[in-house]
Amino acid sequence: MKIKLLKATVSVFCMLLLVFSTLNASASSSSYIYNSDNKAVEAPDAATVTRNITGISSGAGSFKAPQDLIVDNTGKIYVADTSNNRIVIINALGKAEKIIESFEKSGTTDGFNSPKGVFVTENHEIYICDTLNNRIVHLNPEGEYIREIVLKTGDSLPKDFIFKPTKTAVDGTGRIFVASEGFNSGLLEFTAEGKYIRYMGAANVSLTASQLFWRTFSTKEQRNKTASNVSTDYNNLEIDDQGFLFVTSTAFTYWEYESGKAQPLRKLNAKGNDVLTRMGNPSGELDYPDSKTSRATYKGPSSLVDVAAVEYGIYAVLDQNRGRIFVYNSDGEFLYEFGGPGDINGGITTAVALDYLNGSFYTLDSGKNQINIYSLTEYGKLFIDVSKAAAALDYATEETVWNKIINENSNCVLAMRGLGTAAYRKQDMETAMEYFMAADDTENYSKAYVFVRRNRIEKNAVWLIAAVIAAAVVFVALKRRIDILAKKAGKESFLGKLKFADYVVFHPI
């Protein structure tokens, strides 16, 4: 009886160990960062899911294929609930505060038809991309009609152009920027009064030799048709606090991406020129299987569908392919990622929109009809702290924060480089070399080594000069001794032949 009881106790104990190990495995971090070889290595969680909001949980009924969201400066979430033809406004507590399904326009009731984009200004005015009604609807904070912005084919637009706005943003001066479905010449720009100005921000396209040859013999219509086939259309846009426009695109092939011709993320200035700093590679997943030959579930490069400005030059991009969010500093260097595919809590099936406010990221999942809210962990907040210190030129604080990051994550190459730079500033070149070597930063390692080599030469200059002089004296004395011995031994001796070889070397003619 005692033996049976002992066996039962051992069995229960083993089962408990198995359960706890499973729970621990499920709770363990799946976050990663890239090493110097662009291979994924383990990293602490920088952001974790803290809330999920569905239409039902917010009291708005079910969302139906929503396509956009934005968070205003008070924490309210505006959702373009596309297939329900409405805009849902959710307060900071996660409850539906207002549902806009219609509005009064010139004495009649009007509504939306598949609205795919929404934007809210600092004073809470609402701009809605009423896509299938071919217009942008401008409402006041109470949801009352102000005006609509429409656009028809003009001299500067293709003859077959149809205005189907999908995403919009308004800058501090009131200028309106629009991404239109099927339009591949960049963004459409309007004045604050809603007057169309131009299209801007299209990527420069370099033609191949064969394309240039055939264009020589093409008619004007054929050349225009060729230009319209260039894939430069944007699927989303964001305005940062400096007035720059971030735009994302998925209009490229796998081979265009591999060859470096694709530009999934761009940062446009007022002239429409791309000014994105790419010290890193701010395009999402770096270590991925081939899209043609791999049998992996998730393959090929990232499919960027939105971008969000964070703080101090940091920004995040949303990868629809894998449901992940990748975060970068102002130089385009990778900081961390979070999220991921699947039906687990925080998992994303069909990512469509991303926004950020006060330490929290908001993602919209059109597949789950759900909003996921991720909050930064203490580790994630450190990257904002270090960017803030760098912007303020507070090098002491910057070094302190880099040390905290490296203590949390010894795989962080960026932190190693940051500590190397801190040591370089303090002229501790040997320490700088150690950090740069760990970060595989050969360029900065070489710069630090120049100072180390110079210091070594200066410290040992007397001994080096003395050694050179001594070596010269020994060489001259030895040569004279050999000359005397060779003369005594004769030309046919070994020393005589050696002297003749020496003579030939210095007097070959």
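# Exercises on strands, loops and a helix pair

Tyr 312 is placed in the loop between S21 and S22. The exercises below concern a predicted model.

## Exercise 1. A loop residue and its sheet

State the sign of phi at Tyr 312, classify the residue by its exposure, and describe the sheet to which S21 and S22 belong.

*Solution.*

Step 1. Tyr 312 is not a glycine, yet its phi is positive, at about 50 degrees.

Step 2. The relative accessible area of Tyr 312 is 40%. Buried requires a value under 20% and exposed a value over 50%, so Tyr 312 is partly exposed.

Step 3. The strands on either side of this loop, S21 and S22, belong to an open sheet of 4 strands with the order S21-S22-S23-S24 and antiparallel pairing. S21 and strand S24 (334-339) are the edge strands, each pairing on one side only. On average, neighbouring strands of this sheet are turned by 20 degrees against each other, direction ignored.

Step 4. Within the sheet, strand S22 (residues 315-319) pairs with strand S23 (residues 324-328) in the antiparallel sense, over 5 bridges. Tyr 315 has Tyr 328 in S23 standing opposite.

## Exercise 2. The surroundings of Val 275

Locate Val 275 in the chain, and determine which residues it touches beyond four places away in sequence.

*Solution.*

Step 1. Strand S20 (265-268) precedes and strand S21 (304-309) follows the loop in which Val 275 is found.

Step 2. With residues up to four places away in sequence not counted, Val 275 touches Phe 244, Lys 267 and Asn 269.

Step 3. One of these partners, Phe 244, lies 31 residues apart from Val 275 along the chain, and the C-alpha atoms of the two are separated by 9.0 Å.

Step 4. The relative accessible area of Val 275 is 36%, and the residue is therefore partly exposed.

## Exercise 3. The sheet S4-S5-S6-S7

Give the edge strands of the open sheet with the order S4-S5-S6-S7, and trace the pairing of S6 with S7.

*Solution.*

Step 1. The sheet has 4 strands, is open, and shows antiparallel pairing. Its edge strands are strand S4 (68-71) and strand S7 (96-100), each of which pairs on one side only. The average turn between neighbouring strands is 15 degrees, direction ignored.

Step 2. Strand S6 (residues 86-90) and S7 run antiparallel and are joined by 4 bridges. Among the bridge partners in S7, Ile 100 belongs to Ile 87, and Ile 99 belongs to Val 88.

Step 3. S6 and S7 form a hairpin with 5 residues between them. In its turn, Gly 94 has a positive phi of about 90 degrees.

## Exercise 4. A second hairpin and a further loop

Identify the residue with positive phi in the hairpin of S8 and S9, and characterise His 124.

*Solution.*

Step 1. Strand S8 (residues 102-105) pairs with strand S9 (residues 108-111) over 4 bridges in the antiparallel sense. Lys 105 stands opposite Thr 108 in S9.

Step 2. This hairpin has 2 residues between the strands, and Ser 106 takes a positive phi near 55 degrees.

Step 3. His 124 lies in the loop between strand S10 (115-120) and strand S11 (126-130). Although not a glycine, His 124 has a positive phi of about 70 degrees.

Step 4. The relative accessibility of His 124 is 23%, so the residue counts as partly exposed.

## Exercise 5. The helix pair H7 and H8

Describe the crossing of H7 and H8, and the composition of their contact.

*Solution.*

Step 1. The axes of helix H7 (residues 395-408) and helix H8 (residues 413-425) come within 9 Å and cross at roughly 145 degrees. The crossing of H7 past H8 is left-handed.

Step 2. H7 contributes Tyr 395, Glu 398, Glu 399, Trp 402, Asn 403, Ile 405 and Ile 406; these meet Leu 414, Ala 415, Met 416, Gly 418, Leu 419, Ala 422 and Arg 425 in H8.

Step 3. The residues of this contact divide into 9 nonpolar, 2 polar and 3 charged.

## Exercise 6. Cysteines

Are Cys 129 and Cys 412 buried or exposed, and how many disulfides does the whole structure hold?

*Solution.*

Step 1. Cys 129 has a relative accessible area of 0% and is therefore buried.

Step 2. Cys 412, with a relative accessible area of 1%, is also buried.

Step 3. A search of the whole structure finds 0 disulfides.

Conventions: Residues numbered from 1 in each chain as written. Predicted model: local features only at pLDDT ≥ 70, side-chain atom pairs only at ≥ 80, totals over all residues. Heavy atoms only, no water. Buried < 20%, exposed > 50% of the residue type's maximum accessible area, 1.4 Å probe, protein only. Contact = heavy atoms within 4.5 Å. Axes fitted to C-alpha atoms, helices over the stretch in contact; angles between N-to-C directions. Left-handed = near helix turned anticlockwise from the far one by under 90°. Nonpolar A, V, L, I, M, F, W, Y, C, P; charged D, E, K, R; others polar. Pairing = 2+ DSSP bridges. Disulfide = S-S within 2.5 Å.
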